[in-house]
Amino acid sequence: MNNMHGTTIVGVRKNGSVTIAGDGQVSLGNTIIKGTAQKIRSIKNEGYEIIAGFAGSTADAFTLIERLEEKLEKYPGQLSKASVELAKNWRTDKYLRNLEAMMIVSDGVELLIITGSGDVLEPENNIASVGSGGNFALAAARALYEGKKSSEEIAIKAINIASEICVYTNDKVLHLTLKSK
């Protein structure tokens, strides 16, 4: 969904569960710096859990995840509200406006993409993707979706397919799954 170089993240919602998966490659220009980065995180707050995956600058993504945690503390159990508030701050705050990252977040029910341009998007077809290999992962996940595979199997396979096409994506997949409550 964008032209960021450095990672691929895909989120798949199917049969009451959501999986967010991402590769482990960190690139600086045309050089691979690290192959096992963890770009998927779980955020727990007072019995409420979300999972998040990020593409773009790692330091920027960590800043955004911290800000999302703050918004979730203010709006517990309201992922959409917290995400919209984060996106508004991201777009209008002088410091945050310069951050280069995109995130996919889920509470096991909602699946959202948060961008620095102030967008909070709920993707069609129960599949979200961001990062340099995002379009490849999106196409793969859509092709796999109608079969009997779980959200986890689809997300992992989609990242693996993207890794065969995108030079900024590797096959060191990390994933987290939440079931709807």
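**In β8, which residue is the bridge partner of Ser106?** The bridge partner of Ser106 in strand β8 is Leu111, a pairing taken from a predicted model. Strand β7, made of residues 101-106, runs antiparallel to β8, and four bridges join the two. Strands here, like helices, are DSSP runs numbered from the N terminus (strands E, at least two residues; helices H or I, at least four), and two strands pair if DSSP finds at least two bridges between them. Four residues lie between β7 and β8 in their hairpin, where Gly108 adopts a positive phi near 95°. Residues are numbered from 1 along each chain as its sequence is written, and side-chain values use heavy atoms, with hydrogens and water left out. Because the model is predicted, local features need pLDDT of at least 70 and side-chain atom pairs count only at pLDDT 80 or more, whereas totals for chains, interfaces and linings use all residues.

**The hairpin of β8 and β9.** Strand β9, which covers residues 120-121, pairs with β8 in the antiparallel sense, and the two strands share two bridges. Looking from β8 towards β9, one finds that Ile113 has Leu121 as its bridge partner. Five residues stand between β8 and β9 in this hairpin, and in its turn Gly118 has a positive phi of about 95°.

**The two covered faces of β8.** Strand β8 comprises residues 111-114, and both of its faces are covered. Leu111 and Ile113 are buried on one side, while Leu112 and Ile114 are buried on the other. Buried means under 20% relative accessible area, exposed means over 50%, and partly exposed lies in between (1.4 Å probe, protein chains only). Two of these buried residues also appear as bridge partners in the views above: Leu111 is paired with Ser106, and Ile113 with Leu121.

**The open sheet around β8.** The wider view takes in five strands, which form an open sheet in the order β5-β6-β7-β8-β9 with antiparallel pairing. The edges of this sheet are β5 (40-45) and β9, and each has a single partner strand, so one side of each is left without a neighbour in the sheet.

**Two asparagines in the loop between β9 and β10.** Asn125 belongs to the loop that lies between β9 and β10 (127-131), and although this residue is not glycine, its phi is positive, near 65°. With a relative accessibility of 44%, Asn125 counts as partly exposed. Asn126, located in the loop between β9 and β10, likewise has a positive phi, of about 65°, without being a glycine. The relative accessibility of Asn126 is 25%, and therefore this residue counts as partly exposed.

**A salt-bridge network in helix α2.** A search of the whole structure finds five salt bridges (a side-chain nitrogen of Lys or Arg within 4 Å of a carboxyl oxygen of Asp or Glu). Lys81, Glu85 and Lys88 are linked in a network of such bridges. Within this network, the side chains of Glu85 and Lys81 meet with an N to O distance of 3.3 Å, and these two residues are separated by about one helical turn because they stand four residues apart in helix α2 (residues 79-92). Glu85 also forms a salt bridge with Lys88, for which the closest N and O atoms are 3.1 Å apart; Glu85 and Lys88 are three residues apart in helix α2, again about one turn of the helix. Glu85 counts as buried at 12% relative accessibility, whereas Lys81, at 35%, counts as partly exposed, as does Lys88 at 46%.

**A salt bridge between two buried loop residues.** Lys39 and Asp23 form a salt bridge in which the closest N and O atoms are 3.8 Å apart. Lys39 is in the loop between β4 (31-34) and β5, and Asp23 is in the loop between β2 (17-22) and β3 (26-28), so the pair ties together parts that are 16 residues apart in sequence. Both Lys39 and Asp23 are buried.

**Thr177 in strand β11.** This view is centred on Thr177, which is placed in strand β11 (residues 174-179) and is partly exposed, with a relative accessible area of 30%. Although Thr177 and Glu152 are 25 residues apart along the chain, their C-alpha atoms are separated by 6.8 Å.
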